[in-house]
Amino acid sequence: SLATSIEVVCPNGFRQRVALAGGNASLSGVPSEQCTLYFKGGAPAQFGPVRGGQSLSCNLVGTTAVCK
C-alpha cells in the first residue's frame, strides 16, 4: 500500500509530519542536521540522512525508500 504522509524526525527534537498530496509533500524549517524521513500510512519505510534545504524524489520498494 502507498504512504499517505511523511514525517521528519531530527536528533534535536524537531519533528514534522505532513500529508502527501498527489505524491508530493513540502516541509519547512527542517534543520541542517542528519534527520530521518519516515513514510506513514502504508508499509513502514524510512530514509536518511535528510537535511533542510534538500529536494528529494523517492520511490518505495517494499519497505525500503529509495531517494535521490
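Biologist: In this predicted model, what is the torsion about the S-S bond of Cys-58 and Cys-67, and which hand does it give the disulfide?
Modeller: Start with the bond itself: Cys-58 and Cys-67 are joined by a disulfide, S to S 2.1 Å. The torsion about that S-S bond is about 110°, so the disulfide is right-handed.

Biologist: Okay, is Cys-67 buried or exposed?
Modeller: Its partner Cys-58 sits at 25% relative accessibility, so that end counts as partly exposed. The cut-off for buried is under 20%. Cys-67 has 13% relative accessibility, so Cys-67 is buried.

Biologist: How many disulfides are there?
Modeller: Besides the Cys-58 to Cys-67 bond, there's a disulfide from Cys-10 to Cys-35, with S to S 2.0 Å. Counting bonded cysteines along the chain, the pattern is 1-2, 3-4. The count comes to two.

Biologist: Which parts does the pair Cys-10 and Cys-35 tie together, and how many residues apart are they in sequence?
Modeller: This disulfide joins Cys-10 to Cys-35. Cys-10 is in the loop between β1 and β2, while Cys-35 belongs to strand β3, so the bond ties together parts whose separation in sequence is 25 residues.

Biologist: And what hand does the disulfide of Cys-10 and Cys-35 have?
Modeller: Both cysteines are buried, by the way. The torsion about their S-S bond is about 105°, so this disulfide is right-handed.

Biologist: Let's move to the strands. Which residue in β2 is the bridge partner of Ser-5?
Modeller: β1 and β2 run antiparallel, with five bridges joining them. Ser-5 is in β1, which covers residues 5–9. Its bridge partner in β2 is Ala-19.

Biologist: Which residue takes a positive phi in the hairpin of β1 and β2?
Modeller: That hairpin has five residues between the strands. The phi in question is near 100°, and the residue is Gly-13.

Biologist: How about Glu-7: buried or exposed?
Modeller: Glu-7 has its place in strand β1. Leaving aside neighbours within four places in sequence, its contacts include Arg-15, Arg-17, Leu-37 and Tyr-38. With a relative accessible area of 8%, under the 20% cut-off, Glu-7 is buried.

Biologist: With which side chain does the side chain of Glu-7 make a polar contact?
Modeller: Candidates can come from the contact list of Glu-7, which also has Gln-16, Thr-36 and Lys-40 among its members. The polar contact is at 3.4 Å, and the partner is Lys-40.

Note on methods
Residues numbered from 1 in each chain as written. Predicted model: local features only at pLDDT ≥ 70, side-chain atom pairs only at ≥ 80, totals over all residues. Heavy atoms only, no water. Helix = DSSP H or I, 4+ residues; strand = E, 2+ residues; numbered from the N terminus. Buried < 20%, exposed > 50% of the residue type's maximum accessible area, 1.4 Å probe, protein only. Polar contact = N/O pair within 3.5 Å; in protein donor to acceptor, adjacent residues only side chain to side chain. Contact = heavy atoms within 4.5 Å. Disulfide = S-S within 2.5 Å. Pairing = 2+ DSSP bridges.
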